[in-house]
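Work through the following exercises with the sequence and the coordinates open beside you. Each task is followed by a solution that proceeds step by step.

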Amino acid sequence: MDRMFRHKYGLTFIELLIVMLILMVVITLSLAPMRNLLYSTRVSIEISRLVTAVNLVRSEALRRNQAVSMCPSPMALTGEPVCSGVFADGWIVFSNRDRDNKVGSKDQIIRVFDALPEGYTLSNRKGTIPAQEKITYLGDGSSRQNRTLLLCAPASAGDISKSLVMNMVGRPRLAMEWGTCPVI
């Protein structure tokens, strides 16, 4: 009689398929928010690198009591200290004694920054012009120029962005989704 009431442990094939189907639906529904979270986190990391660079330019200008600049440069890849291209390709911070658009023999490279990850863009607030203009702080810590740099995630992520806003006095601040990402 005991054999008739024995319970069998485990899953049937149909039960296993139902569990797998439910698991696939849950994973599929969570992928889009997870992907946006990854893009948003990467934008935060990259804008932090940019803020670090701008704060370095300003603090070095104050410390040295002379002009210090940040310009787009592929120096991290090429090893050549030249100002060319766009900020998305990388940038350098250097002392800029004569305030020109090049790294001269009297200038000192302070720090080199790598390029943005593939697909990320850095542009003006409207998203129409890639960021390529040199940023210079004077010995008094001012930049004497208003500027906004808009960092956007790849187009497939939607409109995930953060902006770095600099006023004439030189104070940088962050703004969330303050601009229009370029459509590529």
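**Exercise 1. The largest pocket**

Task: In this predicted model, determine how many nonpolar, polar and charged residues the lining of the largest pocket has, and which strand gives the largest share of that lining.

Solution. Step 1: Begin with the lining itself, which consists of S123, N124, I129, P130, A131, Q132, E133, Q145, N146, R147, T148 and L149. Step 2: Sorted by class, the lining of the largest pocket has 4 nonpolar, 6 polar and 2 charged residues. Step 3: Strand β6 contributes the largest share of this lining, 3 residues. Step 4: For the volume, the space in the largest pocket comes to about 180 Å³.

**Exercise 2. A salt bridge between residues of the pocket lining**

Task: Find which residue forms a salt bridge with R147, and explain why the pair ties together parts that are apart in sequence.

Solution. Step 1: The partner of R147 is E133, and the closest N and O atoms of this salt bridge are 3.4 Å apart, which satisfies the cut-off of 4 Å. Step 2: R147 lies in strand β6 (residues 147-152), whereas E133 lies in the loop between β4 (121-123) and β5 (135-137), so the pair ties together parts that are 14 residues apart in sequence. Step 3: Compare the two accessibilities: R147 has a relative accessibility of 12% and counts as buried, while E133, with a relative accessible area of 48%, is partly exposed. Step 4: Both R147 and E133 appear among the residues that line the largest pocket.

**Exercise 3. The cavity**

Task: Establish how many cavities of 30 Å³ or more are counted, and which residues line the largest cavity.

Solution. Step 1: The count comes to 1 cavity of 30 Å³ or more. Step 2: The volume of the largest cavity is about 40 Å³. Step 3: Its lining is made up of I135, T136, S143, Q145, R147 and M166, which divide into 2 nonpolar, 3 polar and 1 charged residues. Step 4: Two of these lining residues, R147 and M166, are also bridge partners, with M166 on the β7 side of the pair.

**Exercise 4. Strand β7 and its neighbours**

Task: Decide whether the residues of strand β7 are buried or exposed, and describe how β7 pairs with β6 and with β8.

Solution. Step 1: In strand β7 (residues 161-166), 6 of the 6 residues are buried, so the strand is largely enclosed by the rest of the structure. Step 2: Side chains in a regular strand alternate between the two faces of the sheet. Step 3: In β7, S161, S163 and V165 point one way and K162, L164 and M166 point the other way, and all are buried. Step 4: On one pairing, β6 and β7 are antiparallel over 6 bridges; on another, β7 and β8 are antiparallel over 5 bridges, with L174 in β8 as the bridge partner of L164. Step 5: β7 and β8 form a hairpin with 5 residues between them, and G170 in the turn has a positive phi of about 115°.

Step 6: R173 lies in strand β8 (residues 172-176) and is partly exposed, with a relative accessible area of 35%. Leaving aside residues up to four places away in sequence, R173 touches S163, L164, V165 and W178. R173 and V51 are 122 residues apart in sequence, yet their C-alpha atoms are 8.2 Å apart in space.

**Exercise 5. Other salt bridges**

Task: State how many salt bridges a search of the whole structure finds, and identify which residues are linked with E46 in a network.

Solution. Step 1: The search finds 6 salt bridges. Step 2: R42, E46 and R49 are linked in a network of salt bridges, within which the closest N and O atoms of R49 and E46 are 2.9 Å apart. Step 3: R49 and E46 both lie in helix α1 (residues 13-64), where they are 3 residues apart, about one turn of the helix. Step 4: E46 counts as buried at 3% relative accessibility, whereas R49 is partly exposed, with a relative accessible area of 21%. Step 5: D140 forms a salt bridge with R144, the closest N and O atoms being 3.3 Å apart; D140 is partly exposed at 48%, and R144 counts as exposed at 54%.

Key. Residues are numbered from 1 along each chain as its sequence is written. This is a predicted model: local features need pLDDT of at least 70, side-chain atom pairs count only at pLDDT 80 or more; totals for chains, interfaces and linings use all residues. Side-chain values use heavy atoms; hydrogens and water are left out. A salt bridge is a side-chain nitrogen of Lys or Arg within 4 Å of a carboxyl oxygen of Asp or Glu. Helices (H or I, at least four residues) and strands (E, at least two) are DSSP runs, numbered from the N terminus. Buried means under 20% relative accessible area, exposed over 50%, partly exposed in between (1.4 Å probe, protein chains only). Contact means heavy atoms within 4.5 Å. On a 1 Å grid over the protein atoms alone, a cavity is a set of points where a 1.4 Å probe fits but cannot get out, and a pocket is an open set with protein on both sides within 12 Å along at least five of seven lines; lining residues have an atom within 4 Å of a point. Grid points are joined across faces, edges and corners, and a volume is the space filled by probe spheres set on the points. Ala, Val, Leu, Ile, Met, Phe, Trp, Tyr, Cys and Pro count as nonpolar, Asp, Glu, Lys and Arg as charged, and the others, Gly among them, as polar. Two strands pair if DSSP finds at least two bridges between them.
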